[in-house]
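Take a look at the sequence and the fold shown here. Some short questions and answers follow.

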Amino acid sequence: MKKVMWQSKGPIGCEYLKLIQSPQEINAKGTVIYTDEKDAYKVMYQIDLDKNWVTKSVDVAVEGKDHTLHLRSNGMGDWWSNDTYLESMQGAIDIDISVTPFSNSLPINRFEWAVGERKSFQMLYIDVPSLELLQLKQHYTLVDEDGGKRFFQYECRNYKTTIRVDQDGLVEDYPGLFTREF
């Protein structure tokens, strides 16, 4: 079991993540507390992955919202919300929950990387607090490795930054947004 804590640099907030890995599966449970210009939020999520970091299910709850988002996947780009097939998400393997840097670990840890290698991913993006779903294309390029740390250039839409991850593929620094505290 691994415990991680991030501090948010953008909106005021923090996240506690508990990551449990077994030979067959990976389970991530996170609690995010943050504020925006309108309100304060508590967000709880659980992501169940297979041993290769492929998402099998995700649950997201925003305290005070009328519903909880429950998604499941066959790991080959097909998604369901409860029993409803999400045709608009077809092709997405990974998820990106807007309020957590843990989402970056999913595509990073699914592959072996060589410096200079760029990979593109169709992501099932979950906006918090609305829980609206979008399919977005994201790009990662491994730009450097240094002492067990890896540096990935991350691109989505017109946004670009370089994030630093540890040997486990967990974000340590996401410039302007998140810093790992533990």
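Two strands pair if DSSP finds at least two bridges between them. The model is predicted.

Q: How many residues lie between E3 and E4 in their hairpin?
A: Strand E3 covers residues 25–35, and strand E4 covers residues 40–50. The two pair in the antiparallel sense. They form a hairpin, and the number of residues between them is four.

Q: Over how many bridges do E3 and E4 pair?
A: The pairing of E3 and E4 is antiparallel. Gly-30 has Tyr-45 of E4 as its bridge partner. The count of bridges between E3 and E4 is 11.

Q: Which residue in E5 is the bridge partner of Ile-47?
A: Strand E5 spans residues 55–62. E4 and E5 pair in the antiparallel sense over seven bridges. For Ile-47, the partner in E5 is Val-58.

Q: Which residue in the turn between E4 and E5 has a positive phi?
A: E4 and E5 form a hairpin with four residues between them. One residue in that turn has a phi of about 70 degrees. That residue is Trp-53.

Q: Which side chains of E4 point to the buried face?
A: The side chains alternate along E4. Ala-40, Lys-42, Met-44, Gln-46, Asp-48 and Asp-50 point to one face and are not buried. The buried face holds Tyr-41, Val-43, Tyr-45, Ile-47 and Leu-49.

Q: Which residues touch the most other members of the largest nonpolar core?
A: This core has 49 residues. One of the residues asked for, Val-60, is in contact with Val-43 and Tyr-45, among others, leaving aside its neighbours within four places in sequence. The contacts of Val-60 also include Ile-97, Ile-126 and Leu-131. The residues that touch the most other members are Val-60, Ile-97 and Phe-102.

Q: How far apart are the closest N and O atoms of Asp-168 and Lys-2?
A: Asp-168 forms a salt bridge with Lys-2. The pair links distant parts of the chain, 166 residues apart: Asp-168 is in the loop between strands E13 and E14, and Lys-2 is in strand E1. The closest N and O atoms are apart by 2.6 Å.

Q: Which residues are linked with Lys-2 and Asp-168 in a network of salt bridges?
A: The structure holds nine salt bridges. Lys-2 and Asp-168 belong to a network with two further residues. Those are Asp-166 and Arg-180.

Q: Why does the pair of Asp-173 and Lys-9 tie together parts that are 164 residues apart in sequence?
A: The side chains of Asp-173 and Lys-9 meet in a salt bridge, 3.3 Å from N to O. Asp-173 lies in strand E14, so the pair ties that strand to the place of Lys-9, the loop between E1 and E2.

Q: Is Lys-119 buried or exposed?
A: Lys-119 and Glu-117 meet through their side chains in a salt bridge, 2.8 Å from N to O. Glu-117 is partly exposed, at 27% relative accessible area. Buried means under 20%. Lys-119 has 18% relative accessibility, so it counts as buried.

Q: Which residues form a nonpolar patch on the surface with Phe-182?
A: Phe-182 is found in the segment after strand E15. Its relative accessible area is 60%, so Phe-182 is exposed. The patch has about 310 Å² of accessible area together. Its other residues are Met-5 and Tyr-16.

Methods. Residues are numbered from 1 along each chain as its sequence is written. This is a predicted model: local features need pLDDT of at least 70, side-chain atom pairs count only at pLDDT 80 or more; totals for chains, interfaces and linings use all residues. Side-chain values use heavy atoms; hydrogens and water are left out. Patches are made of residues with over 30% relative accessible area and no salt bridge: like charges are joined within 9 Å, nonpolar side chains (Val, Leu, Ile, Met, Phe, Trp, Tyr) within 5 Å. Accessible areas come from the Shrake-Rupley method with a 1.4 Å probe; for residues, only the protein chains shown count as cover. A salt bridge is a side-chain nitrogen of Lys or Arg within 4 Å of a carboxyl oxygen of Asp or Glu. Buried means under 20% relative accessible area, exposed over 50%, partly exposed in between (1.4 Å probe, protein chains only). A nonpolar core is a set of buried Ala, Val, Leu, Ile, Met, Phe, Trp, Tyr and Cys residues joined through side-chain atoms within 4.5 Å. Contact means heavy atoms within 4.5 Å.
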